[in-house]
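Student: I am new to this structure and would like to go through it slowly. Could we look at it together, one question at a time?

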Amino acid sequence: MAYYVTTPIYYVNGEPHLGHVYTTVAADVLARHMRQRGEEVFFLTGTDEHGEPVAQAAEREGVPPRELAERNAERFKEVARRVDATNDFFIRTSDPEHETVVAEIAARLKDNGHVYEGVYEGLYCPRCADFKTDSEVVDANKCPIHLIELEREQEQNWFFRMSAFQEPLERLYTERPDWVGPRNRYNEALSFIRGGLNDLSLSRARLSWGVPVPWDPEQVIYVWIDALLNYYSALTYARPGEDLRDRFWPPTVHLIAKDILKFHAIIWPAMLMAAEIELPRKLFIHGYLLMDEHKMSKSLGNVLDPFEVMDVYGTDALRYYLLREVSFGQDGSISPEGFETRYNTELANEYGNLASRTFAMIGKYRDGVVPAADPAPEVAMQFDGLAAAVKERIDAVEVSAALDDVWERVRALNRFVTEREPWKLAKDEAAATELDCVLYTLAEGLRVVSILLTPWMPSTTARLLAALGQPDESLASAELGAVGGGATLAELGQLFPRVEPRAEASA
Ligand code: MSP
């Protein structure tokens, strides 16, 4: 089965921060896991470059929007590489191929009778590039996200008759209750639809940084219409000479945070219906990463630099922390202290130490060769059905619950060492078979958890699997006992070396 996963395309009006990294890493976990299952995967991320948010930021900096877009798109590409994202393509909405598709679909909406000319008036947030309804604004006229005062604006625009899709959208939500997850977001979107849909202005007159409206080049296409279409246009040109829509459309899952729920859960399916394009299978909406209880965002100035964190602790530790600390789908606080605690107790002790102890004991007691034995029953019981459970979690986009499931087994292996005390067995010749069993079970358990952990910590697990002499990362081999003894272990080194406290490290 083909698997197509996307992240939002990020605005190039600022630099990447941990919030962006969060979605990209989560999507990467899904993509990597699906590849381990042998599925055909397409993973898309990229940048949203048109519209007021970018035009205004460029104006503030005194550079043309294209220049700002070039510079920051590079930063987003770099951060994707740096977090080891395995995206198959990086789309930029300034790509001419994307612009062509946007113009084509806009024309199709008009040809299909869903576009008319009218005047728009409302409170407009230039940072969101969105008009706000009176029920959305806070303190009478402030943007609920950016907390800036909004002005009432009026414009001659082309409109998309979204109101006509109220009933088809309600039907979509009734017929496909899984199409938006988690459930609270589904309810939120549905009640928004039931509250009544207004038509949407499809173009902007006061702006030139965008895709010209094909039948009225004085206006540009509204940035959200332009941006949403990235998910579709990318498949037409990501592989020159190939039309990937045949294999990958419709998308399996769009990952987004709740800030852009309305655009994805309402405008996007309405547009696709109007253009007669098949709808995505699922939207999954995760929560916000919070620092000191506030959503991290560039405009609020409480941003944690992902590059700094990765310089000190490594990429895998960051990937692990983000998805372990915050239950995927809910808001959750992150902090340098929380990070250090998990790094030391979980990564360095529970996983890193388990590996180094196992390697050291097999080295010392069995000359570095994994003994042949059957897995110990108490561990076999713990591992029974684990790979299947992880698959199910990932199918449901439960990215942190899947990680928790595997981590429970890392802990089970640690308990097993404590209970069986192999260092005592080693002193008793009569216990040689039992020691074989314990050492084999540990090596085999480490192999299985490492395969399953690969999507979250790809470099670390690759290192460990290579040192175990078992580089096969396919999910089919993630069963305890699937591999026998006999492998000679290689040097492993420290997986997660101790790090000086942050303040000292950066001093
Ligand atoms: N350009 C639009 C999206 C267009 S998609 C067709 C946009 N860009 S954005 O740069 O503001 O990125 C928003 C997305 O970044 C969120 O939906 C989420 O995926 C991610 N996040 C940004 N800050 C975040 C947190 N503090 N916490 C969690 N996710 C965060 O909106």
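Student: How many residues of domain 1 are in contact with domain 2?

Tutor: This is a predicted model, and its protein is divided into domain 1, residues 3–287, and domain 2, residues 335–477. The C-alpha centres of domain 1 and domain 2 lie 41 Å apart. Where the two domains are in contact, domain 2 contributes 16 residues, and the number from domain 1 is 12.

Student: How many residues surround the ligand?

Tutor: Strand 1 (2–11), helix 1 (18–36), helix 7 (223–228) and helix 8 (230–237) each supply at least two residues of the shell around the ligand. By type, that shell divides into 14 nonpolar, 8 polar and 3 charged residues. The closest are Ile9, Thr23, Asp48, Asp259 and Leu289, and the number that surround the ligand is 25.

Student: Which residue places a side-chain N or O atom 2.7 Å from a nitrogen atom of the ligand?

Tutor: Two other pairs involve an oxygen atom of the ligand: a polar side-chain atom of Thr23 lies 2.6 Å from one, and a backbone N or O atom of Ala257 lies 3.1 Å from one. For the nitrogen atom of the ligand, the side chain with an N or O atom at 2.7 Å belongs to Asp48.

Student: How much of the ligand's accessible area does the protein cover?

Tutor: The starting point is the ligand on its own, which has 670 Å² of accessible area. Of that area, the share covered by the protein is 95%.

Student: In the open sheet of 3 strands, what is the order of the strands?

Tutor: Strand 9 (203–204) and strand 10 (212–213) are the edge strands, each pairing on one side only. Strand 10 is joined by 2 bridges to strand 11 (residues 216–221), and the two run antiparallel, with Pro212 standing opposite Val220 of strand 11. The pairing in this open sheet is antiparallel, and the order is 9-11-10.

Student: Which residue is joined to Pro250 by a cis peptide bond?

Tutor: Most peptide bonds are trans. One cis bond here joins Gly181 and Pro182, with omega about -10°, and Pro182 has its place in the loop between strand 7 (180–181) and helix 6 (183–194). Pro250 lies in the loop between helix 9 (245–248) and strand 12 (253–257), and the cis bond to Pro250, with omega near 0°, comes from Trp249.

Student: What is the phi of Asp84?

Tutor: Most residues other than glycine have a negative phi. Asp84, found in the loop between helix 3 (65–82) and strand 3 (89–92), has a positive phi, near 65°.

How values were computed
Residues are numbered from 1 along each chain as its sequence is written. This is a predicted model: local features need pLDDT of at least 70, side-chain atom pairs count only at pLDDT 80 or more; totals for chains, interfaces and linings use all residues. Side-chain values use heavy atoms; hydrogens and water are left out. A residue is near a molecule or strand if one of its heavy atoms lies within 4 Å of it. A polar contact is a pair of N or O atoms within 3.5 Å; within protein, one must be able to donate a hydrogen and the other to accept it, and residues adjacent in sequence count only if both atoms are side-chain atoms. Accessible areas come from the Shrake-Rupley method with a 1.4 Å probe; for residues, only the protein chains shown count as cover. Helices (H or I, at least four residues) and strands (E, at least two) are DSSP runs, numbered from the N terminus. Ala, Val, Leu, Ile, Met, Phe, Trp, Tyr, Cys and Pro count as nonpolar, Asp, Glu, Lys and Arg as charged, and the others, Gly among them, as polar. Two strands pair if DSSP finds at least two bridges between them. Domain bounds come from an automatic or database domain assignment. Contact means heavy atoms within 4.5 Å.
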